Amino acid sequence: MRAAVLESYGEPLSIEEVDPPTPDPHGVVVDVEACGLCRSDWHAWQGHGEWADDQVPIGQILGHEPAGRVAQVGDRVDELAVGDRVAVPFNLGDGTCYYCRNGHGNVCEDGYALGFESSVPGAFAEQIHVPHADFNAVTLPGGVSAEAVAALGCRYVTAFHALAHRADIAAGDWIAVHGCGGLGLAAVQIAAALGARVLAVDIRTAPLELASELGAEVTIDATELENETRENDGVPAAIKARTDGGAHVSVDALGRAETCRNSVDCLRIRGTHVQIGLTTEAERGEVALPIDEIARWDVTVVGSRGMPPSRYDELLRLIDAGTLAPERLVTNRVALADVSDRLAAMSEYETRGIEVVTEF
């Protein structure tokens with residue numbers, strides 16, 4: 001089968017013929033119909049993560065946002081059959097640890113990261129293997145397309161888990177989203193659908209325009225603040241002015257030191273900062289925060305990574321009903337051979353919305 005293989009960090013992926021997977025007794029093989037292109041793929045391609053013992057190995061097949069149809073089923077799989085349409089979370093659990101058994105399979109003690117470690121080759125390929133498939137593979141409602149699921153990927157489910165489960169936003173809350181890439185735009189659409197008032201921040205016009213289309217009530221171009229004499233204290237001051245005191249919940253969807261600090265600083269008393277963007281080589285996993293202010297004003301800081309497979313049905317029901325529409329974030333459909341060029345475009349923040357591989 002054809003697959004895109006990481007041969008050298010930051011260099012074009014190699015499109016190769018590799019052996020197709022066969023199912024473990026507890027696994028299934030899935031024919032990939034669509035797979036999202038994500039900034040996490042860019043981090044992997046760049047070789048980031050060594051500071052957290054999380055660097056993707058050379059020789060890895062990348063890709064972690066797939067949807068497709070079950071092609072082969074292991075002997076011990078009970079819930080799936082050949083032909084079933086499925087979503088495959090990138091954060092795969094074994095279904096047996098304490099966290100999996102208590103509804104937190106996204107942080108399984110013995111979990112796998114699809115496309116990021118050698119034991120689970122990724123979905124920039126014609127087929128993937130899904131271990132512990134009864135626990136991990138999520139059957140799709142008839143009205144949810146493979147492209148919509150590829151847009152879910154890690155971005156949309158991470159944003160949904162962050163806002164609906166970790167921050168527990170309420171209707172009418174002000175939600176600030178820092179960074180309007182695919183992850184940030186997903187947070188914008190989800191927050192608006194959940195009844196929040198959304199403020200989006202970026203330095204690019206096109207993503208801010210898309211954020212408005214997806215439900216952002218206010219947008220802030222951070223590059224223009226220096227021209228606003230009343231708001232010369234930067235993004236946090238601008239947000240506080242526009243939200244009558246600050247955001248109830250603020251999301252750093254980029255992972256830069258500046259956006260993380262702005263997210264914390266823009267909160268009102270007893271606000272919640274949610275970190276979903278991953279850092280780059282510049283931060284290497286470490287960002288300085290105003291700890292005394294966090295303590296003084298009863299601020300909450302939480303992280304979010306993916307979403308437990310057991311809770312996918314909440315999100316899929318909203319998509320099936322038309323309440324959420326991740327496919328609206330899809331701005332480009334590409335072939336497997338185009339993946340390297342699209343990853344390179346992310347280095348200069350030249351992408352808009354979500355791009356999806358649909359031709360393998």
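H165 is a good place to start in this predicted model: the residue sits in helix α4. With a relative accessibility of 18%, H165 counts as buried, because the cut-off for that class is under 20%. Leaving aside residues up to four places away in sequence, H165 touches F160, M307, R311 and E314. If you would like a long-range reference point, take G36: H165 and G36 are 129 residues apart in sequence, and their C-alpha atoms are 23 Å apart in space.

Helix α4, which spans residues 146–166, also leads us to a cavity. The structure holds one cavity of 30 Å³ or more, and the volume of the largest cavity is about 40 Å³. Which residues line the largest cavity? They are P66, A87, V88, P89, V149, L152, G153 and Y312. Helix α4 supplies three residues, the largest share of this lining. By residue class, the lining of the largest cavity divides into seven nonpolar residues and one polar residue, with no charged ones.

From here, let us turn to the sheet. Strands of a sheet pair through backbone hydrogen bonds, in either a parallel or an antiparallel sense. In this model, six strands make up an open sheet with parallel pairing, and reading across it gives the order β12-β11-β10-β13-β14-β15. Why is one side of β12 and of β15 left without a neighbour in the sheet? Strands β12 (218–221) and β15 (300–303) stand at the edges and have a single partner strand each, so one side of each stays free of a neighbour in the sheet. On average, neighbouring strands of this sheet are turned by 20 degrees against each other, direction ignored.

Strand β10 is worth a pause. This strand covers residues 174–178, and four bridges join it to the parallel strand β13, residues 247–252. One contact to look for is I175, whose bridge partner in β13 is V249. Strand β10 also pairs with β11 (residues 197–202), again in the parallel sense, over five bridges. There, the bridge partner of V177 in β11 is A200. Are the residues of β10 buried or exposed? Five of its five residues are buried, and the strand is mostly covered. You can follow the two faces by side-chain direction: W174, A176 and H178 point one way, I175 and V177 point the other way, and all of them are buried.

Part of the surroundings of β10 is helix α8, residues 257–265, which lies across β10, β13 and β14. The helix runs at about 150 degrees to β14.

Staying with α8 and β14, we reach the second largest pocket, which has a volume of about 170 Å³. Its lining consists of K240, V264, D265, L267, R268, I269, P290, E293, I294, W297 and V299. Helix α8, strand β14 and helix α9 (291–296) each contribute at least two residues to this lining. The largest share, three residues, comes from β14. Sorted by class, the lining of this pocket has seven nonpolar residues, four charged residues and no polar ones.

I269 deserves its own look, as it is one of the residues lining this pocket. The residue lies in β14, which runs over residues 267–275. I269 has a relative accessible area of 55% and is therefore exposed, since the cut-off for that class is over 50%. Measuring by C-alpha atoms, I269 and P308 are 30 Å apart in space, with their positions 39 residues apart in sequence.

Finally, have a look at two loops next to α9. The loop between β14 and α9 contains R284. What sign does the phi of R284 have, positive or negative? The phi of R284 is positive, about 50 degrees, although the residue is not a glycine. R284 counts as partly exposed, with a relative accessibility of 34%. On the other side of the helix, D298 lies in the loop between α9 and β15. D298 is not a glycine either, yet its phi is positive, at about 60 degrees. The relative accessibility of D298 is 42%, and this residue counts as partly exposed.

Notes
Residues are numbered from 1 along each chain as its sequence is written. This is a predicted model: local features need pLDDT of at least 70, side-chain atom pairs count only at pLDDT 80 or more; totals for chains, interfaces and linings use all residues. Side-chain values use heavy atoms; hydrogens and water are left out. On a 1 Å grid over the protein atoms alone, a cavity is a set of points where a 1.4 Å probe fits but cannot get out, and a pocket is an open set with protein on both sides within 12 Å along at least five of seven lines; lining residues have an atom within 4 Å of a point. Grid points are joined across faces, edges and corners, and a volume is the space filled by probe spheres set on the points. Ala, Val, Leu, Ile, Met, Phe, Trp, Tyr, Cys and Pro count as nonpolar, Asp, Glu, Lys and Arg as charged, and the others, Gly among them, as polar. Buried means under 20% relative accessible area, exposed over 50%, partly exposed in between (1.4 Å probe, protein chains only). Two strands pair if DSSP finds at least two bridges between them. Axes are lines fitted to C-alpha atoms, for helices over the stretch in contact, and angles run from 0 to 180 degrees between N-to-C directions. Contact means heavy atoms within 4.5 Å.
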